[in-house]
Amino acid sequence: MSEPEATGGDDGATPAAETVDSPRRALAIVVGIVFIDLLGFGVVIPVLPFYVRSFAVSDVLIGLLAASYSLMQFLFAPLLGRLSDARGRRPVLMLSLFGNVVAWTVFGLAAEVGLLLGTTAALATLFTSRMLAGAMGGNIATAQAYIADVTAPERRAAALGLVGAAFGLGFVFGPAIGGAAASDGAVAAAESVLPSFVPATRFSLPSFVAAALSLVALAATAAFLPEPDRQRGTAGRATLVGQFASALRDRSLRGLVVAFFLVSLAFSGVQVMFIPYAADLFGYDETQTALLLTYIGVLGVLNQGVLVGRLSRRYPERRIALAGAVLLAAALAAIPFSHLVGAAVPLAGVGPAWFTGPVAVLLTVLACLSVGNSLLNVALSALVSRAVPADRQGNAFGVTQGAGSLGRTVGPPLMAALYVVVYWSPFVAGALLALPVVAILAGRVLGDATAAAPPSGSE
């Protein structure tokens, strides 16, 4: 909602009483918008590698496309977060969603550009669209800041967990929708109803579906999402480097920025190299690995939407984050050896034929990975919201999300190179990178315990 009249609040915000009277409604709307936006992102995941290969170029470009998205997210998440502090959450969300509509539409037209101007122009179109989508993908910082605005501090972990659940649902249902849109039947149906100047292919249709979903999210934001009651940020023109330097000088925020970077860098080993690992060590094809990813996504929804909320009502965020970091490090280290450990587990005749010892161990380790990642990421976000004053929420979330994007920019090429050397190295490297996060969070938990302890000699 807009500020009181005396502050000169504008930005086209809705009346102040609307959000104060219905914080749960505002929370539900923003979580729904995040879900629709991430659903569009997930739609494109199944076709992206095949789209690149259709231009007869190296698979290296798949990794570079992923890195370009994360790099732009790194550059723009702090800027969008800070802009939302100064100009409002709702306008920034609308701007980013409109950018996504443009990005996904252009992405679907890359093949047509290739026919007209050649492969180089087509690849340039792909990179341009992915970079724009990455820049607009920084809106998650604004969504998190919005939730911090409309929820009490003690309820933020549970509320931020709902955003994580929306992410998970987007990655569960998005790829399924993308696969359906790329099917022969969908392409044939689209060709029969779309005008001749609109390309209907197994690559363009998922892209246009993603654009349409972002357009729905934009319309929902414009129609239903009020501007939250917030303190307007300062109007200074801090640079990106200045924002990060300021965050690193802030003792309450420094460790959290470092943690976001290291967690993203560590987890990129799983995100990038898990499918090759499943194919090389378990012999899985695309369909089987997709089922594993769906399994992880469903667990993520349950963990972030249910488990985190319940734990946050009983334990402080720092303890939850520490437990998540320990579990994440252990699971990362265990993943590449699941097939070796599982070979010693006798499950012959137990359940369906595919449920072997190695599969049982892998599913167990992936469940631990999902729990650890969910606890850690949601609790870290809640700690960020507590670490800064109300007028810096968007800036703080922008910087931490930017640090995470930087980790996802550096991680994919690094972890892919390690996998080429020896298959288990990216996972073990990820576990080692998680250890400093454990140390940072353990120090905070011990600091709390020391502060709460009575003075020596007191009764």
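**View A. Helix H2 (residues 23-44) packs against helix H11 (residues 204-224) at an angle of about 165°, with the two axes 7 Å apart.** That puts H2 roughly antiparallel to H11 (angles under 35 degrees count as roughly parallel, over 145 as roughly antiparallel, 65 to 115 as roughly perpendicular and the rest as oblique). An axis here is a line fitted to C-alpha atoms, for helices over the stretch in contact, and angles run from 0 to 180 degrees between N-to-C directions. What you're looking at is a predicted model, in which local features need pLDDT of at least 70 and side-chain atom pairs count only at pLDDT 80 or more, while totals for chains, interfaces and linings use all residues. Residues are numbered from 1 along each chain as its sequence is written, and side-chain values use heavy atoms, with hydrogens and water left out. H2 and H11 cross in a left-handed way (the near helix is turned anticlockwise from the far one by less than a right angle; clockwise would be right-handed). On the H2 side of the contact (heavy atoms within 4.5 Å), look for residues including Ile29, Ile33, Ile36 and Leu39. Their partners on H11 include Val209, Ala210, Leu213 and Phe224. Sort the contact residues of H2 and H11 by class and you get 14 nonpolar, four polar and two charged (Ala, Val, Leu, Ile, Met, Phe, Trp, Tyr, Cys and Pro count as nonpolar, Asp, Glu, Lys and Arg as charged, and the others, Gly among them, as polar).

**View B. Now H2 meets H5, at an angle of about 15° and with the axes 12 Å apart.** H2 and H5 are therefore roughly parallel to each other. Their crossing is left-handed. From H2, the residues Val30, Ile33, Asp37, Phe41 and Val44 meet Leu93, Leu97, Asn100, Trp104 and Phe107 of H5. By class, this contact of H2 with H5 holds eight nonpolar residues, one polar and one charged.

**View C. H5 also packs against H11, this time at about 165°, with 8 Å between the axes.** So H5 is roughly antiparallel to H11. H5 passes H11 in a left-handed crossing. Among the H5 residues to spot are Arg90, Leu97, Trp104 and Phe107, while those on H11 include Ser207, Ala210, Ser214 and Leu218. The contact of H5 with H11 divides into 14 nonpolar, seven polar and one charged residue.

**View D. A search of the whole structure turns up nine aromatic pairs, and here is one of them.** The ring centres of Tyr51 and Phe107 sit 5.2 Å apart with their planes at 85°, so this pair is edge-to-face (rings of Phe, Tyr and Trp, with its six-membered ring, pair if their centres lie within 6.5 Å; planes under 30 degrees apart count as stacked, over 60 as edge-to-face and the rest as tilted). The pair ties together distant parts of the chain: Tyr51 belongs to helix H3 (residues 48-53) and Phe107 to helix H5 (residues 89-108), 56 residues apart. Both Tyr51 and Phe107 are buried (under 20% relative accessible area; exposed is over 50%, partly exposed in between, with a 1.4 Å probe and protein chains only). Widen the view and ring pairs link Tyr51, Phe55, Trp104, Phe107 and Phe203 into a cluster.

**View E. Tyr277 and Phe427 make another edge-to-face aromatic pair, 5.6 Å centre to centre and with 65° between the planes.** Again, distant parts of the chain are linked: Tyr277 lies in helix H13 (residues 251-282) and Phe427 in helix H19 (residues 425-452), 150 residues apart. Tyr277 is buried, with a relative accessible area of 0%, and Phe427 is buried too, at 1%.

**View F. Leu262 in helix H13 is another buried residue, with a relative accessible area of 12%.** Leaving aside its neighbours within four places in sequence, Leu262 is in contact with Leu433, Pro436 and Val437. Leu262 and Ala403 are 141 residues apart in sequence, and their C-alpha atoms are 8.6 Å apart in space.

**View G. Ala321 sits in helix H15 (residues 317-334) and is buried, with a relative accessible area of 0%.** Not counting residues up to four places away in sequence, Ala321 touches Leu375, Leu376, Ala379, Leu383 and Leu441. With Ala379, the C-alpha to C-alpha distance is 5.1 Å, although the two are 58 residues apart in sequence.

**View H. Zoom back out, and the chain has 19 helices and zero strands.** Helices (H or I, at least four residues) and strands (E, at least two) are DSSP runs, numbered from the N terminus. Of the 459 residues in the chain, 51% count as buried.
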